[in-house]
Amino acid sequence: MASFRRLLPLCSSLYRTSFSSSGVHEGLGAKFRGYSEIASSEQTVSKFEEGIKRAEADNSVVNDNIDTIRREFDAAKQSFLKIPEALKAMPKMNPEGIYVNKGIRLDLIQVYGFDYDFTLAHYSSNLQSLIYNLAKEHMVNEFRYPEVCMSFKYDPSFPIRGLYYDKQNGCLLKLDFFGSIEPDGCFYGRRKLSEKEIEEIYGTRHIGRDQARELAGLMDFFCFSEACLIADIVQYFVDAKLEFDTCYIYQDVNRAIQHVHRSGLVHRGILSDPHRYLVKNGQLLHFLRMLKEKGKKLFLLTNSPYYFVDGGMQFMLEDSMGNSDSWRELFDVIIAKANKPEFYTSEHPFRCYDTEKDTLAFTKVDKFLQNKIYYHGCLKSFLQITKWNGPEVMYFGDHLFSDLRGPSKAGWRTAAIIHELESEIHLQNEDSYRFEQAKFHILQELLGRLHATVANSKRNEAYKLLMDELNVERQKARSMMKRMFNRSFGATFLTDKGQESAFSYHIHRYADVYTSKPENFLLYSPETWLHAPFDIKIMPHHVKVPSSLFKNQ
């Protein structure tokens with residue numbers, strides 16, 4: 001009854017309407033309707049009160065969740081003050097190891113093939129400066145670029161392998177495994193673009209199919225000088241406030257780099273001072289001889305001219321071979337100026353090369369003779385002459401597209417030689433790197449839980465404050481990891497978030513195994529069965545540091 005009296009004021013207007021001059025019948029009907037509406041209003045108020053209670057309960061749960069995550073964050077920050085002993089005890093990855101994408105039984109491999117540059121030949125860091133300087137001189141002298149370009153210097157701290165140049169927009173990009181732009185890996189000239197600028201140019205971080213057609217991949221070891229020269233010239237035109245087409249910049253730099261190689265400028269430069277550019281390598285000779293002793297067939301397939309390969313091999317192996325020995329005796333077939341990747345799809349004939357007269361013979365090549373040199377040719381003829389079946393052949397090369405894509409499609413087994421793998425694994429083995437990676441994973445996990453447990457409508461000041469603090473700490477960890485590798489683009493194989501890069505994607509696609517140099521195979525028996533680790537999904541050398549290391553200190 002008391003509740004009924006509380007509702008009376010809400011229905012006063014109904015009573016006034018009910019007892020109108022329209023008559024008793026109408027008034028009685030209206031009165032009955034009034035009682036009904038009073039009951040309905042009572043139910044509405046009851047539901048409203050229940051809603052308030054539920055909202056208060058929900059807010060309490062949200063606040064409890066935020067408080068829980070806050071306590072875990074504060075505890076994590078205390079654990080960040082020192083490196084956990086469990087992390088220090090984690091096993092280290094072998095910088096000279098062979099990492100497997102697709103299993104290979106080495107006892108079934110009967111034929112070993114090799115590229116020359118950056119595969120058999122080890123070069124010093126001075127080579128990039130030589131290529132850079134020769135290319136810029138060609139651009140000034142032949143393409144009439146401004147004379148000030150001659151003052152440009154190669155910066156080894158700027159580029160990494162595996163970048164893309166956007167010919168339409170003029171940006172150097174680092175992409176992740178799924179083709180999205182790294183937020184801290186987009187440069188216009190030498191200036192890093194913000195996420196807002198990236199969004200203005202591309203609309204989204206993900207590169208679509210149409211946009212991908214405008215991208216030029218910089219994947220081989222010569223790409224360092226190319227990427228740096230592109231960025232330096234773009235930056236010059238921007239600073240000078242000159243109009244230019246970014247596509248022309250790429251075309252001119254690429255033509256200059258190609259000229260440096262095809263004209264022999266870089267080859268003559270290297271051979272004129274081999275101590276400055278080439279690294280002697282007795283282990284390589286040991287590896288090749290071991291294969292021969294095991295009855296394996298060896299071939300050399302390179303785009304370089306013979307005189308350059310001969311000069312380099314003699315220099316690299318001169319301290320390990322006798323005076324009467326020749327490196328050519330190690331190989332059953334030697335093919336120079338092969339013109340890869342067209343070698344794998346064309347039908348060009350082989351020509352026998354006369355090393356003394358520097359001429360090509362006109363006789364048809366229908367068999368390969370040891371200690372003879374062959375030029376040009378194609379995969380189809382190579383297989384017809386040698387009768388070497390695809391699965392029994394393994395080819396080593398450094399360029400994922402020119403060297404390995406063709407052989408992988410032809411059924412050969414493939415080994416990618418990636419020299420920077422060694423230095424990156426050394427860095428990943430450092431406790432300081434693993435410490436930052438573990439911190440990043442913890443913060444990422446807390447951020448994910450905070451997003452998942454708090455709806456948009458319930459994000460209060462406590463939520464916003466915690467979110468900001470977590471993001472700041474996560475960014476610090478990302479920046480620390482990136483600077484350990486390369487100040488501009490970070491690691492070659494990883495994004496700043498610890499995920500695989502686009503370069504890693506191509507390795508995964510075209511290389512059955514990858515390592516830093518061919519002679520690392522000396523660490524394994526020729527009968528070894530190389531199998532992919534069952535617990536690693538993408539890149540075998542990438543250690544996933546678990547956040548649980550910090551939780552039970």
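A residue is called buried when its relative accessible area is under 20%, exposed when this area is over 50%, and partly exposed in between, as tested with a 1.4 Å probe on the protein chains only. The structure is a predicted model, in which local features need pLDDT of at least 70 and side-chain atom pairs count only at pLDDT 80 or more, while totals for chains, interfaces and linings use all residues. Residues are numbered from 1 along each chain as its sequence is written, and side-chain values use heavy atoms, with hydrogens and water left out.

**Strand E15 and its neighbours**

Helices (H or I, at least four residues) and strands (E, at least two) are DSSP runs numbered from the N terminus. Strand E15 covers residues 413-417, and five of its five residues are buried, so the strand is largely enclosed by the rest of the structure. On one side Arg-413, Ala-415 and Ile-417 are buried, and on the other side Thr-414 and Ala-416 are buried, which leaves both faces of E15 covered.

Two strands pair if DSSP finds at least two bridges between them. Strand E14 (residues 393-397) runs parallel to E15 and is joined to it by four bridges; here Tyr-395 stands opposite Thr-414. E15 also pairs in the parallel sense with strand E16 (residues 513-515), over three bridges, and Ile-417 stands opposite Thr-515 of E16. Together, E14, H15 and E15 make a right-handed β-α-β unit; right-handed means that, with the strands pointing away from the viewer, the path from the first strand over the helix to the second runs clockwise.

**Pockets**

On a 1 Å grid over the protein atoms alone, a pocket is an open set of points with protein on both sides within 12 Å along at least five of seven lines, where a 1.4 Å probe is used and lining residues have an atom within 4 Å of a point. A volume is the space filled by probe spheres set on the points, which are joined across faces, edges and corners. For the lining classes, Ala, Val, Leu, Ile, Met, Phe, Trp, Tyr, Cys and Pro count as nonpolar, Asp, Glu, Lys and Arg as charged, and the others, Gly among them, as polar.

| Pocket | Volume | Lining by class |
|---|---|---|
| Largest | about 1,300 Å³ | 19 nonpolar, 15 polar, eleven charged residues |
| Second largest | about 600 Å³ | nine nonpolar, twelve polar, five charged residues |

The largest pocket is lined by 45 residues, and Asp-220, Gln-258, Asn-303, Lys-340 and Ser-402 lie nearest its centre. Helix H9 gives the most to this lining of the largest pocket, with six residues. In the second largest pocket, 26 residues form the lining, and Pro-156, Phe-221, Phe-224, Glu-420 and Ser-423 are the closest to the centre. Helix H16 provides the largest share of that second lining, five residues.

**Aromatic pairs**

Rings of Phe, Tyr and Trp (its six-membered ring) pair if their centres lie within 6.5 Å; planes under 30 degrees apart count as stacked, over 60 as edge-to-face and the rest as tilted. The whole structure holds 40 aromatic pairs. In one of them, the rings of Tyr-145 and Phe-237 have centres 6.2 Å apart and planes at 85°, so the pair is edge-to-face. Tyr-145 lies in the loop between H5 and strand E4 and Phe-237 in helix H8, so this pair ties together parts that are 92 residues apart in sequence. Tyr-145 and Phe-237 are both buried.

The rings of Phe-177 and Phe-178 have centres 5.3 Å apart and planes at 70°, so this pair is edge-to-face. Phe-177 is buried, at a relative accessible area of 16%, whereas Phe-178 is exposed, at 63%. Ring pairs also link a cluster whose members include Phe-299, Phe-343, Tyr-395 and Trp-412.
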